[in-house]
Amino acid sequence: MKAFLKKHLGIIILVAAILLFAGGWLFVWNRIGNQMTKAAFRSVYDTLTFDGAHYVRCDLETVRAYLPDTEAISRDLCGDELGTLSFPSETGSVSCPLYACKPLADAGKQNAIVLLEQEEGISAYELSGFQYLDEQTSIWAVCASYGIGYPENIESVIVKDKEGNLLETISEPEALSKFFDRLLKLGEDIGEAGIAEAYYNAYTAEFGETDQIWLEDNTVKAKDDAVYQEAMDFWTKDLRLVTIKLTNGLQLRDCIYAPVPGTFSIYGDYKITEPFFT
């Protein structure tokens with residue numbers, strides 16, 4: 001036996017090393033696999049749909065956009081229970097109660113923010129849209145879904161530059177009425193093809209036809225990254241981030257007003273028919 005071990009010691013050590021190496025990798029891959037599985041199950045909590053509305057998980061800064069004095073996302077924000085949602089888990093499924101945001105509810109506001117109770121604690125979710133608007137839509141459908149029927153339904157319009165610096169806050173009734181009239185004139189969503197064409201047409205109107213930029217499959221393509229960055233700098237000149245705050249508590253936040261291609265993205269994408277801002 002000793003002679004056998006001595007004779008084959010090198011092979012035995014090599015096999016043992018391979019087994020040890022394989023076992024180590026198996027342990028590592030099992031651990032990575034478990035982490036990926038857990039991450040996949042956690043990701044199902046990133047968004048939720050309830051009562052025809054879509055919500056996305058948000059942080060304290062977002063909650064403060066609606067409730068500036070909020071100190072933390074906690075049970076103190078929870079109002080009436082809206083229902084129970086089920087989520088897949090490693091052991092089957094879990095049920096989590098969904099709550100209205102008490103400060104908003106007490107003020108007679110709609111569910112711009114809802115709260116989900118999980119095993120880890122309370123998570124806040126911001127309204128991101130409605131199932132009714134999932135297909136190509138119009139500005140009239142957006143207004144109807146968000147409760148914008150009259151200028152008086154708009155509390156204020158906050159306008160920032162593309163870096164997020166505040167430019168102006170529109171709150172005077174006359175100015176809000178003009179904004180509302182221009183909003184309704186946006187009409188139908190122009191879709192991916194329309195938005196790509198608007199950007200391409202703006203570029204060629206400024207620089208002429210060129211082989212540096214072209215349209216392909218409803219997308220603007222560029223020869224290289226440098227050309228694309230130059231075009232992007234042109235397209236985003238004087239771009240505005242617009243937040244429409246409504247009296248019902250809902251907000252259409254950081255809508256993209258791009259005067260160079262002449263588009264306004266408010267849930268969908270629309271062609272600007274009349275300038276909104278100077």
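Q: Which residues are linked in a network of salt bridges?
A: In this predicted model, the network of salt bridges links Arg182, Lys185 and Glu274.

Q: How many salt bridges does a search of the whole structure find?
A: The search finds 7 salt bridges.

Q: What does Lys102 form a salt bridge with?
A: The partner of Lys102 is Asp106, and the closest N and O atoms of this pair are 3.1 Å apart.

Q: Where do Lys102 and Asp106 lie?
A: Both residues belong to helix α4, which covers residues 102-106. They are 4 residues apart, about one turn of the helix.

Q: Is Asp106 buried or exposed?
A: Asp106 is exposed, with a relative accessible area of 57%. Its partner Lys102 is partly exposed, at 37%.

Q: Moving on to Glu126, what does it form a salt bridge with?
A: Glu126 pairs with Arg253, and their closest N and O atoms are 2.7 Å apart.

Q: Which strands hold Glu126 and Arg253, and how many residues apart are they?
A: Glu126 is in strand β6 and Arg253 is in strand β12. The two are 127 residues apart, and the pair links distant parts of the chain.

Q: Is Glu126 buried or exposed?
A: Glu126 is buried, because its relative accessible area of 10% falls under the 20% cut-off. Arg253, in turn, counts as partly exposed, with a relative accessibility of 30%.

Q: And Lys221, what does that residue form a salt bridge with?
A: Lys221 forms one with Glu216, where the closest N and O atoms are 3.6 Å apart. Lys221 is partly exposed, with a relative accessible area of 29%. Glu216 is likewise partly exposed, and its value is 34%.

Q: Changing topic to helix α5, how many of its residues are buried?
A: Helix α5 spans residues 139-146 and is mostly covered, with 6 of its 8 residues buried.

Q: Which residues of α5 are those?
A: They are Ile139, Ala141, Val142, Cys143, Ser145 and Tyr146.

Q: What do the buried residues of α5 pack against?
A: They pack against one helix, α6 (173-184), and against the strands β6 (121-130), β11 (240-246), β12 (251-258), β13 (263-266) and β14 (268-271).

Q: What follows α5?
A: Gly147 follows the helix, and its phi is positive, near 80 degrees.

Q: How many residues has the largest nonpolar core, and which have the most contacts inside it?
A: The largest nonpolar core has 56 residues. Those with the most contacts inside it are Leu116, Tyr146, Ile154, Phe264, Ile266 and Phe276.

Q: Which residues does Ile266 touch?
A: Leaving aside residues up to four places away in sequence, Ile266 touches Ile139, Val142, Leu183, Leu186, Ile244, Leu252 and Cys255. Of these, Ile139 and Val142 are among the buried residues of α5.

Q: What lies apart from that largest core?
A: Another core, of 15 residues, lies apart from it. Ala196, Tyr200, Ala202 and Trp235 are among its residues.

Q: On to the cysteines: how many disulfides does the structure hold?
A: The structure holds 0 disulfides.

Q: How far from Cys78 is the nearest cysteine sulfur?
A: The nearest cysteine sulfur is that of Cys101, 8.3 Å away, and Cys78 is in no disulfide. A disulfide needs the two sulfur atoms within 2.5 Å.

Q: Are Cys78 and Cys255 buried or exposed?
A: Cys78 is buried, with a relative accessible area of 13%. Cys255 is buried as well, and its relative accessible area is 5%.

How values were computed:
Residues numbered from 1 in each chain as written. Predicted model: local features only at pLDDT ≥ 70, side-chain atom pairs only at ≥ 80, totals over all residues. Heavy atoms only, no water. Buried < 20%, exposed > 50% of the residue type's maximum accessible area, 1.4 Å probe, protein only. Contact = heavy atoms within 4.5 Å. Salt bridge = Lys/Arg side-chain N within 4 Å of Asp/Glu carboxyl O. Core = buried A, V, L, I, M, F, W, Y, C linked by side-chain atoms within 4.5 Å.
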